Amino acid sequence: MYRLRFHGRGGQGARVASKVLGTAAFLDGYYAQDFPLYGAERRGAPVAASTRIAEDPIMERGVIPEPDIVIVMDETLLQDPLTMPLSGLKPGGIVIINTTNSPAEAKAEYKINANVLTLGITKIGLDMLGMPILSTLAGGVAARIVGLSEDSLTEAVKKVLSSIITDKKLLDKNVAAALYCFNAITPIETKIELKTIDTNKKKSTVISLPFEPAAVSSPAINATGNTPLRMTGNWRVFRPAWNYEACTRCMICVARCPDGCILINEDGYPYTDYDNCKGCLICVEECPTNTLGKVMEVHAKKVIGN
Amino acid sequence: MAGNGAIKRDGGKGVKDMVMERIKSIKDIPPEENMLPGTPTCAGCGGLLALRHCMKALGRKIVIVNAAGCFTLLTIYPYTPFKNSWLYTAMACAPAGAQGIRDALDILIKKGRLDPDENLKVVVLTGDGSAYDMSLSSTSGAINRNLDFYYICYDNEAYGNTGVQWSGATPFASKTGTTPPGMLSPIGAELAKKDLFAIWNSHKPPYLATISPAHPVDLINKFKKAEQYKGPKLFIALSPCPPGWGIDPSYTVKLAKLAVDTGVWALKEAVFGNLKHTVVPKRFKPVEEYLKVQGRFAHLFKPVRQEGALNKIQEGVDEYWNRHKLLL
Ligand SMILES: Cc1ncc(C[n+]2csc(CCOP(=O)(O)OP(=O)(O)O)c2C)c(N)n1
Ligand code: SF4
């Protein structure tokens, strides 16, 4: 059985990617499961989804703790201690990373001890769809790795997307982008068996909790104002970039930022708190002068573009 | 500098001293941030922008009573963006929670166990699913009892936290998870949005207003005006929601402005039931401008234009402003 885990950020399409893959596998005659990990996190926050593919009926349920293949749709997640996308990856497993770096560079940078494939699908998404929504692209990459057919992938993209979007042109662009990614990847020889041999039947790991009164068992936060520790700055796909020549210190950007991430320096000029800015880009949209522009974020720290 | 912690406006003295002058422009917005960044709300959340300004107007001597919804994620153990206290309640009973806290504070003050200067404003915070549907009766009771509290409803026109399902606040012809446009109903939601303002106003509360994240000056002045009244002070903020409404996160403020400029969202206040509009566009833009930029209304334009539904929406807006004799 193939066990795959997709890691992305809310809005990037990890859930739909797993669905495209599962549907394509089903159309190719396999048994398949796909499902997101439910969490109360939202657009920009780390999310995960899983797909299982096998020749026999799949008796396993629930999250995949030990995947054969991990698809990292957002590179910044590799450094996120709360996500740890590679946790549980089986020895000899495969990691596909959305990055413009080469596999060797990615392996060195993130100290990965597994087979690594890379493809810059954000760039492909922006070029081919005009937006950084990567569901069908990641689905296409994964379909190639597990050896599914182009026809089933095409059908799966159409089937899954037609229940989400009504725009026929956008649907066609998604099919093209999925096939482009499918063909841009050179699969690695794997030794993963499609016949289900091992199942995850281990001893129950459910911990039994003793009864405690509410004062003990309900969570209470005794700190104040500590959310900046969460550093939501790594949610960004684009970052707001400043060029102060035209800035009139009108304070419009400050008033428009939902998160309060625009601060004022001693000379009265606004600047971004990049540790926490989620990259909504309302400031860029609202600035009445040309002071604010946007630059694509490649890493959490590095910046490319102008 | 913003966010350095000094509370200038109330000088730490107490609620009475807080009544502040009306502000005139964006530059007059108090710089103190009473809600810090790093929360898990979506990038570009319109409700969060509205709340940020509400928090500036309210100051730090408050306690928030939050019914389940997106904003209960603001405080997830062990993090909180607030400097004030915060309590989580079930969806139907935030106003009842507020009653309990108000009573407790009053009793403590009366018994001399709490310095009156330490008094707190009790602020209910809920989404529209709570306000329009589940907690309608407990809010009605609280207003009727003249409970001294604030109510902020961030109205994203759906049950956002659970993945955008239809609520009593969902507008006619909107697509939600439970009103998908399709063979049975090509227009999506078939029912009209409830008029919560009118429902609440029928109780003649001391202060009631609609607000918008794109009009922070109007928003803050309304809070300042509300402050002089004892009893319920209620606010409804139309809050563009990027994932729920199908818009780019950068478009939140533009859309909130369009809602006002097209007449879809009337900015108004009512003092003991007496209604006044606070922002009336000089010339109303066609409602279509507001609808066509949102994914949740895309089915009204593609693959075929649903003229009937579009006309019905425009007529609804015109009827409102005609009724109030403000349509020029
Ligand atoms: C009585 C009850 N029913 C259902 C839920 C599950 N639930 C949690 S948040 C939520 C959505 C609330 O929607 P809304 O009040 O509009 O706020 P939003 O999520 O849009 O911020 C629901 C249904 C609940 N907590 N309590
Ligand atoms: S779902 Fe909508 S209301 Fe909820 S946090 Fe996201 S943008 Fe805000």
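## Briefing: the A–B interface and two ligand sites

Across the interface of chain A and chain B, 16 residue pairs make polar contact, counting pairs with both residues at pLDDT 80 or more. Keep in mind that this is a predicted model. The interface comes up first here, followed by ligand 1, ligand 2, the salt bridges and a few backbone oddities.

**Where the chains meet**

- Three elements of chain A, namely α8 (252-256), β8 (262-264) and α9 (282-286), each supply at least two residues of the side that touches chain B.
- α8(A) gives the largest share of that side, with 4 residues.
- By class, the side of chain A that touches chain B splits into 24 nonpolar, 7 polar and 12 charged residues.
- On the contact count, 43 residues of chain A meet 50 residues of chain B.
- Interface size is often quoted as the accessible area lost when the parts come together.
- For chains A and B the buried area is about 3900 Å², and carbon and sulfur atoms give 58% of it.
- Three arginines of chain A, A:Arg42, A:Arg43 and A:Arg256, lose the most area to chain B, and together they make up 18% of what that side buries.

**Salt bridges**

- The rule finds 4 salt bridges across the interface of chain A and chain B.
- B:Lys254 pairs with A:Glu286 in a salt bridge, where the closest N and O atoms are 3.6 Å apart.
- Over all chains, the count comes to 31 salt bridges.
- Inside chain A, A:Arg3 forms a salt bridge with A:Glu60, with 2.6 Å between the closest N and O atoms.
- A:Arg3 sits in strand β1 (residues 2-9) and A:Glu60 in the loop between β3 (46-54) and β4 (69-72) of chain A, so this pair ties together parts that are 57 residues apart in sequence.

**Ligand 1**

- Ligand 1 has 16 residues around it, and the closest are B:Gly129, B:Tyr154, B:Asn156, B:Gly160 and B:Asn161.
- B:Tyr154 puts a polar side-chain atom 2.7 Å from an oxygen atom of ligand 1.
- The backbone joins in too: a backbone N or O atom of B:Gly160 is 2.8 Å from a ligand 1 oxygen atom, and a polar backbone atom of B:Asp128 is 3.4 Å from an oxygen atom of ligand 1.
- On its own ligand 1 exposes 580 Å², and the protein buries 73% of that.
- Helix α3 (residues 128-134) of chain B supplies the largest share of the shell around ligand 1, 4 residues.
- That shell around ligand 1 breaks down into 7 nonpolar, 8 polar and 1 charged residues.

**Ligand 2**

- Ligand 2 lies between chains A and B.
- From chain A, A:Arg42 is one of the residues around ligand 2; A:Arg42 is also among the residues of chain A that lose the most area to chain B.
- The chain B residues around ligand 2 include B:Cys42, B:Cys45, B:Cys70 and B:Cys241, along with B:Pro242 and B:Pro243.
- B:Asn156 is among the residues around ligand 2 and is also listed with the closest residues to ligand 1.
- By class, the shell around ligand 2 holds 6 nonpolar, 2 polar and 1 charged residues.

**Backbone oddities**

- Most residues other than glycine have a negative phi, and most peptide bonds are trans.
- The bond from B:Tyr77 to B:Pro78 is cis, with omega near 0 degrees, and B:Pro78 is in the loop between β1 (62-67) and β2 (85-89) of chain B.
- The bond from B:Lys302 to B:Pro303 is cis as well, with omega near -5 degrees; B:Pro303 is in the loop between α9 (287-291) and α10 (307-323) of chain B.
- A:Met84 has a positive phi, near 45 degrees, and is in the loop between β4 and β5 (94-97) of chain A.

Key: Residues are numbered from 1 along each chain as its sequence is written. Chains are lettered from A and ligands numbered from 1 in the order in which they are written. This is a predicted model: local features need pLDDT of at least 70, side-chain atom pairs count only at pLDDT 80 or more; totals for chains, interfaces and linings use all residues. Side-chain values use heavy atoms; hydrogens and water are left out. Contact means heavy atoms within 4.5 Å. Buried area is the accessible area (1.4 Å probe) that two parts lose on being put together, summed over both. A salt bridge is a side-chain nitrogen of Lys or Arg within 4 Å of a carboxyl oxygen of Asp or Glu. A polar contact is a pair of N or O atoms within 3.5 Å; within protein, one must be able to donate a hydrogen and the other to accept it, and residues adjacent in sequence count only if both atoms are side-chain atoms. Ala, Val, Leu, Ile, Met, Phe, Trp, Tyr, Cys and Pro count as nonpolar, Asp, Glu, Lys and Arg as charged, and the others, Gly among them, as polar. A residue is near a molecule or strand if one of its heavy atoms lies within 4 Å of it. Accessible areas come from the Shrake-Rupley method with a 1.4 Å probe; for residues, only the protein chains shown count as cover.
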